[in-house]
Amino acid sequence: KKRVVSGVQPTGSIHLGNYFGAIKNWVALQNVYDTLFFIVDLHAITLPYDTQQLSKATRSTAAIYLACGVDPSKASVFVQSHVRAHVELMWLLSSTTPIGWLNKMIQFKEKSRKAGDEEVGIALLTYPVLMASDILLYQSDFVPVGEDQKQHLELTRDLAERVNNLYGGRKWKKLGGRGGVIVKVPEPLIPPAGARVMSLTDGLSKMSKSAPSDQSRINILDPKDLIANKIKRCKTDSFPGLEFDNSERPECNNLLSIYQLISGKTKEEVALECQNMNWGSFKPLLTDALIDHLHPIQVRYEEIMSDSGYLDEVLAQGARNASDIADTTLHNVYQAMGFLRRQ
Ligand code: AQP
């Protein structure tokens, strides 16, 4: 089976964007591929964060994966920091990563500009090397990537080729390595169209955990009343009727897209159903569809969170599975790079 890896940061509330852009797709992928889904807690410390919240958010994110349908009998679910090899391989890869490659990363430029120089740790710059380590450790064939992660995956691919070229020579072959491939070069898996969910308060920005206003997103765990309130107050326009793909109506396009995703209907069905509606009739429809879809997930989430033994066991088993694969790659990289083998 081909292998797929992916993860979400435990940096805040998991929202509809994370759900449709990542977690919901994993549920389909786990039936086809050998899958590893992790909670990327080591990435969550690249910007200032609350130490009181990190472990809670990590557990909660894991429970959300399961509540959304990720099945630990099919996929390995684990916490990134529980598999030491991630940080270790990162150091080895760091020696091979030209700093110029990192300086070009758009996300670094944007996030560091927002945070200000005194707040920016070097981890924000070297974050893509950790991401490369997350992927290469597992010899992944495919990585699901949204638009904003494409550049980082490209760097991962370049880095894999560089490692294979630099260290995949005679010594590696003498050790039994074949074809100079120490780490597999991964391919992007482009998510289904329309999976980019935009903010409720600005149809041109993506829905995001780090946006200051909670009104801008629907979180997976939002109670009914809050969902109703957020939809009631979300940004709309005063054009007649409702339509997709009118560049002057980004909010309308986004709300219809959310309705399409959450109801499982086709774009054509939604366009037809809503073309003559006004906001007063559409908003209750969208609210009900959101509540109907999220309620069962929330019930499962509560069940999972109330049985901490179960969640701990899932994460422990996931970390064992992941470590088995990761340790082999790490060992190979050490060997290929010429380190003295521990006896
Ligand atoms: N609005 C979105 N629409 C579709 N997909 C999205 N993702 C995030 N926002 C949207 C996808 O969710 C996964 C989790 O990514 P992450 O935890 O690394 O966070 P992120 O990409 O930086 O996005 P967030 O959740 O909005 O966090 P902040 O505010 O920190 O930027 C990824 O697969 C991502 O594509």
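Of the 10 residues of helix α5 (residues 106–115), how many are buried? The number is one, so helix α5 lies largely in the open. Right after α5 comes Gly116, and its phi is positive, near 90°.

## Confidence in the model

Before going further, keep in mind that this is a predicted model. The mean pLDDT of the chain is 93, and 98% of its residues reach 70 or more. As for the global scores, ipTM is 0.95 and pTM is 0.94.

## Two domains and where they touch

The domain assignment splits the chain into domain 1 (3–195 + 308–336) and domain 2 (214–303). Their C-alpha centres are 31 Å apart. The two do touch: 11 residues of domain 1 are in contact with 12 residues of domain 2.

On the domain 1 side of that contact, the elements giving two or more residues are α1 and α2 (51–67). Sorted by class, this side has eight nonpolar and three polar residues, with no charged ones.

## The nonpolar core

In soluble globular proteins, nonpolar side chains tend to be buried together. Here the largest nonpolar core has 83 residues, and Tyr65, Val70 and Val77 have the most contacts inside it. Helix α13 (residues 308–336) supplies the largest share of this core, with nine residues. The core also draws at least three residues from each of domain 1 and domain 2.

Which residues does Val77 touch, leaving aside those up to four places away in sequence? Its partners are Phe37, Ala62, Tyr65, Val70, Pro72, Val314, Leu315 and Gly318. Two of these, Tyr65 and Val70, join Val77 among the residues with the most contacts inside the core.

## Around the ligand

There are 19 residues around the ligand, and the ones that come nearest are Gly17, Gly21, Gly146, Ser208 and Ser210. Helix α1 (residues 16–29) gives the most to this shell, with five residues. Helix α1 also turned up above, on the side of domain 1 that touches domain 2.

What classes make up the shell around the ligand? The residues divide into six nonpolar, nine polar and four charged.

## Two helix residues

Trp91 is found in helix α3 (residues 85–94). With 12 C-beta neighbours inside 10 Å, and 12 or fewer being the cut-off, Trp91 counts as exposed. Trp91 and Leu130 sit 39 residues apart in sequence, with 8.6 Å between their C-alpha atoms.

Glu161 belongs to helix α7 (residues 150–167). It has 14 C-beta neighbours inside 10 Å, so Glu161 counts as partly exposed. Glu161 and Ser216 are 55 residues apart in sequence, and their C-alpha atoms are 40 Å apart in space.

## Backbone oddities

Most residues other than glycine have a negative phi. Gln139 is not a glycine, yet its phi is positive, about 50°. You'll find Gln139 in the loop between α6 (122–136) and β4 (142–144). Is Gln139 partly exposed or buried? With 19 other C-beta atoms within 10 Å, Gln139 is partly exposed; being buried would take 20 or more.

Asp245 is another non-glycine residue with a positive phi, this time about 60°. Asp245 is placed in the loop between α9 (224–233) and α10 (250–263). Asp245 has 11 other C-beta atoms within 10 Å, so this residue is exposed.

Definitions and conventions
Residues are numbered from 1 along each chain as its sequence is written. This is a predicted model: local features need pLDDT of at least 70, side-chain atom pairs count only at pLDDT 80 or more; totals for chains, interfaces and linings use all residues. Helices (H or I, at least four residues) and strands (E, at least two) are DSSP runs, numbered from the N terminus. A residue is near a molecule or strand if its C-beta atom, placed from the backbone, lies within 6 Å of it. Ala, Val, Leu, Ile, Met, Phe, Trp, Tyr, Cys and Pro count as nonpolar, Asp, Glu, Lys and Arg as charged, and the others, Gly among them, as polar. A nonpolar core is a set of buried Ala, Val, Leu, Ile, Met, Phe, Trp, Tyr and Cys residues joined through C-beta atoms within 7 Å. Domain bounds come from an automatic or database domain assignment. Two residues are in contact if their C-beta atoms, placed from the backbone, lie within 7 Å. pLDDT is the predictor's confidence in each residue, from 0 to 100.
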